[in-house]
Amino acid sequence: MQLGRVWVWVVVVLLVATAELSAAKRGKGRGKKARKFGNRGITKNFKTEASRAYYNHNGGAKITVWSHFESEYVLGRKIVFMCKAEGEPRPVITWFKDGIELYSHTFFQVHEWQEGKAIKSKMEIDPATQMDAGYYECQADNKYAVDVKGFSADYSIEFV
């Protein structure tokens with residue numbers, strides 16, 4: 001009788017482990033910090049002092065001002081994200097949605113202007129649709145560093 005109970009527990013444990021493994025493969029159970037596109041930074045372990053000095057350069061690109069992490073927009077209205085980056089040489093700012101680089105078109109525009117050694121970039125989508133929901137990133141880079149900030153956007157429906 002005792003051996004039968006052991007086999008039941010073995011089967012239960014295997015079923016639970018299989019369910020957890022398949023959920024992990026589908027991406028279930030992960031928090032926001034385990035995003036597919038987040039934290040593209042450079043590791044802190046350096047092989048040589050020369051590489052440490054290169055990547056810790058004072059002129060490395062650094063995003064200093066950015067939009068809120070989570071944003072909810074109303075369908076048909078405008079979505080706006082901001083990024084300001086500093087560095088020497090002046091960084092280049094690139095926008096991404098769900099890991100894919102964005103390019104300007106009729107409903108999506110990027111405006112940039114310089115302020116000394118800094119550059120400001122404003123990304124606008126007008127009018128916003130359901131397809132605009134996703135994970136956006138602002139990436140600033142120059143020859144010394146890359147800095148990335150991410151924004152999550154989801155829509156709501158406004159009733160009049």
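**A guided tour from Glu115 to strand S8**

Begin the tour by selecting Glu115, which is partly exposed, with a relative accessible area of 36%. The model on screen is a predicted one.

**First stop: Glu115 and Lys84**

Keep Glu115 selected and add Lys84. These two residues form a salt bridge, and their closest N and O atoms are 3.6 Å apart. Lys84 belongs to strand S3 (residues 79-86) and Glu115 to strand S6 (residues 108-115), so the salt bridge ties together parts that lie 31 residues apart in sequence. Side chains of opposite charge can pair when their charged atoms come close. Is Lys84 itself buried or exposed? Lys84 counts as buried, at 18% relative accessibility, because the limit for that class is under 20%.

Next, display the surroundings of Lys84. Leaving out residues up to four places away in sequence, Lys84 touches Lys62, Ile63, Thr64, Val65, Glu115, Ala118, Ile119 and Lys120.

**Second stop: Thr64**

From that set, select Thr64, which is found in strand S1 (residues 62-66). Thr64 is partly exposed, at 34% relative accessibility. Which residues does Thr64 contact, apart from its neighbours within four places in sequence? Thr64 is in contact with Lys84, Ala85 and Glu86. Now place a distance label between the C-alpha atoms of Thr64 and Ala118: the label should read 9.2 Å, although the two residues are 54 residues apart in sequence.

**Third stop: further salt bridges**

How many salt bridges does the structure hold? There are six, and the pair of Lys84 and Glu115 is one that has already been visited. For another, select Glu124 and Lys122, whose closest N and O atoms are 3.2 Å apart. Glu124 is buried, with a relative accessible area of 13%, whereas Lys122 is partly exposed at 23%. Add Lys78 to the selection: salt bridges with shared partners join Lys78, Lys122 and Glu124 into one network.

Then move to Asp98 and Lys97, which also form a salt bridge, with their closest N and O atoms 3.8 Å apart. Asp98 counts as partly exposed at 32% relative accessibility, while Lys97 counts as buried at 17%.

**Fourth stop: the second largest pocket**

Keep Lys97 in view, since the next selection includes this residue. The second largest pocket is lined by Lys97, Leu102, His105, Phe107, Phe108, Ile125, Pro127, Thr129, Met131, Asp132 and Tyr136. The volume of this pocket is about 150 Å³. Colour the lining by residue class, and seven nonpolar, two polar and two charged residues appear.

**Last stop: strand S8 and its partners**

Among the lining residues, select Lys97 and Tyr136 together. Lys97 stands opposite Tyr136 in S8. Extend the selection to strand S4 (residues 92-97) and S8, which pair in the antiparallel sense over six bridges.

Now add strand S9 (residues 146-156), which pairs with S8 in the antiparallel sense over eight bridges. S8 and S9 form a hairpin with four residues between them. To see one of the bridges, select Asp141 and its partner in S9, Val146.

Why is strand S8 described as largely enclosed by the rest of the structure? Seven of the eight residues of S8 (residues 134-141) are buried, and the strand is therefore largely enclosed. The tour ends here.

Technical notes
Residues numbered from 1 in each chain as written. Predicted model: local features only at pLDDT ≥ 70, side-chain atom pairs only at ≥ 80, totals over all residues. Heavy atoms only, no water. Salt bridge = Lys/Arg side-chain N within 4 Å of Asp/Glu carboxyl O. Helix = DSSP H or I, 4+ residues; strand = E, 2+ residues; numbered from the N terminus. Buried < 20%, exposed > 50% of the residue type's maximum accessible area, 1.4 Å probe, protein only. Contact = heavy atoms within 4.5 Å. 1 Å grid on protein atoms, 1.4 Å probe; cavity = no way out; pocket = protein on both sides within 12 Å on 5 of 7 lines; lining within 4 Å. Points joined across faces, edges and corners; volume = space filled by probe spheres on them. Nonpolar A, V, L, I, M, F, W, Y, C, P; charged D, E, K, R; others polar. Pairing = 2+ DSSP bridges.
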